[in-house]
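User: I should like to understand the reasoning behind several terms used for this structure. Please set each value against its criterion.

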Amino acid sequence: MSFGNKEFDHPESRDHMTDLKGRIALVTGASQGIGRAVALELARAGATVALAARNEAKLAEAVAEIEAAGGQAAAFTLDVASEESIKAAAKAVIERFGKVEILVNNAGITRDTLALRMKRDDWESVLSTNLTGAFLLTQALLSPMLRNRWGRIINITSVVGRTGQAGQANYAASKAGLIGLTRSLARELASRSITVNAVAPGYIETAMTAVLDEKVREAMIAQIPLGRAGTDAEIAHAVAFLASENAAYITGHVLDVNGGMLMS
Ligand code: NDP
């Protein structure tokens with residue numbers, strides 16, 4: 001098929017969308033939800049995937065699912081709230097695979113409460129997991145990525161990192177922080193063909209949002225032009241695109257995947 005345009009007619013161009021064959025990826029928070037879906041999608045596109053989180057049993061299950069489908073994956077225990085654990089996991093992944101070319105900082109938690117009642121620990125734990133963890137893991141993997149002169153860093157932020165949310169001062173601050181981190185790194189790393197982008201999900205049905213009561217859920221869906229919650233697979237597709245060669249000229253971008261909930 002010819003599209004009459006040399007870029008689209010390139011023999012490999014149609015595969016580039018999802019072709020990550022031979023790439024090494026690391027996904028944090030890959031034991032469930034969005035991270036798990038991202039790991040499966042990157043593996044489906046041909047990447048070898050290091051799945052990292054605290055729950056070893058769930059990681060092993062996800063790795064088994066990837067392997068059963070003919071993909072390549074391995075599990076690494078990681079607590080992103082611990083600098084020691086981050087250093088150990090980064091070392092273990094590099095020892096196993098030699099490099100990490102695609103890093104997806106997805107691990108995240110909520111500790112919701114109004115600011116007036118928010119304990120210092122509610123603030124610290126969310127900031128250290130969602131933001132400091134992403135920074136420290138990126139830093140730990142940066143030297144080999146710079147030597148490789150190719151890389152993709154994709155941070156999972158949130159619609160509330162842009163809008164704010166009552167009861168989520170800690171979470172929204174961490175997610176807004178990730179956007180600043182994304183754009184600063186994008187500027188620092190561009191000369192080595194490393195792109196740094198963020199994906200901002202809206203309301204996605206996972207364990208994180210399963211705790212919301214039905215009224216809140218209905219109110220959220222009422223704000224979504226597409227009229228439904230998103231799926232973890234829909235976030236995974238966006239991540240796979242940003243990881244691909246087709247996204248080579250996109251950096252410092254925040255990709256909203258939110259059914260139109262916020263159009264920015
Ligand atoms: P889940 O609660 O289902 O999954 C969170 C994942 O993060 C788990 O795999 C968990 O693994 C991991 N995690 C949590 N704390 C740590 C830690 N200290 N160290 C390592 N891993 C950790 O949530 P989602 O899949 O919904 O969320 C994934 C990301 O997407 C989060 O960053 C979240 O903020 C973001 N997001 C989600 C939205 C939604 O509507 N669901 C909307 C916007 C953003 P384990 O417990 O095994 O360590």
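The exchange below concerns a predicted model and takes up its ligand site, a helix pair and two loop residues.

User: What makes the approach of Asp 79 to the ligand a polar contact?

Analyst: An N or O atom in the side chain of Asp 79 lies 2.8 Å from a nitrogen atom of the ligand. A polar contact requires a pair of N or O atoms within 3.5 Å, so this pair qualifies.

User: Which backbone atoms meet the ligand under that criterion?

Analyst: A backbone N or O atom of Asn 55 is 2.9 Å from an oxygen atom of the ligand, and a polar backbone atom of Val 80 is 2.9 Å from a nitrogen atom of the ligand. Both distances are within 3.5 Å, and therefore both pairs count as polar contacts. The ligand has 880 Å² of accessible area on its own, and the protein covers 93% of that area.

User: How do you know which residues belong to the shell around the ligand, and how many are there?

Analyst: A residue is included if one of its heavy atoms lies within 4 Å of the ligand. The shell has 31 residues, and the closest are Ser 31, Arg 54, Asn 106, Tyr 171 and Thr 206. By class, 15 are nonpolar, 13 polar and three charged. Helices α3 (33–44), α8 (169–189) and α9 (207–210) each contribute at least two residues; α9 gives the most, with three.

User: Why is α9 called a helix?

Analyst: A helix must be a DSSP run of at least four residues; α9 spans 207–210 and therefore meets that requirement.

User: What makes α5 and α6 a packed pair, and which residues form their contact?

Analyst: Helix α5 (residues 83–97) and helix α6 (residues 120–148) pack at about 35°, with axes 10 Å apart. The crossing of α5 past α6 is right-handed. From α5 come Glu 83, Ile 86, Ala 90 and Ile 94, while α6 provides Gly 133, Leu 136, Leu 137, Ala 140, Leu 141 and Pro 144. These residues comprise eight nonpolar, one polar and one charged. Gly 133 counts as polar because glycine is placed in that class.

User: Why are the phi values of Arg 149 and Ser 193 singled out?

Analyst: Most residues other than glycine have a negative phi. Arg 149, which is not a glycine, has a positive phi near 55°. Ser 193 is likewise not a glycine, and its phi is positive at about 60°. Arg 149 lies in the loop between α6 and β5 (151–156), whereas Ser 193 is found in the loop between α8 and β6 (194–201).

Notes
Residues numbered from 1 in each chain as written. Predicted model: local features only at pLDDT ≥ 70, side-chain atom pairs only at ≥ 80, totals over all residues. Heavy atoms only, no water. Polar contact = N/O pair within 3.5 Å; in protein donor to acceptor, adjacent residues only side chain to side chain. Areas by Shrake-Rupley, 256 points an atom, 1.4 Å probe, with all protein chains shown as cover. Axes fitted to C-alpha atoms, helices over the stretch in contact; angles between N-to-C directions. Left-handed = near helix turned anticlockwise from the far one by under 90°. Contact = heavy atoms within 4.5 Å.
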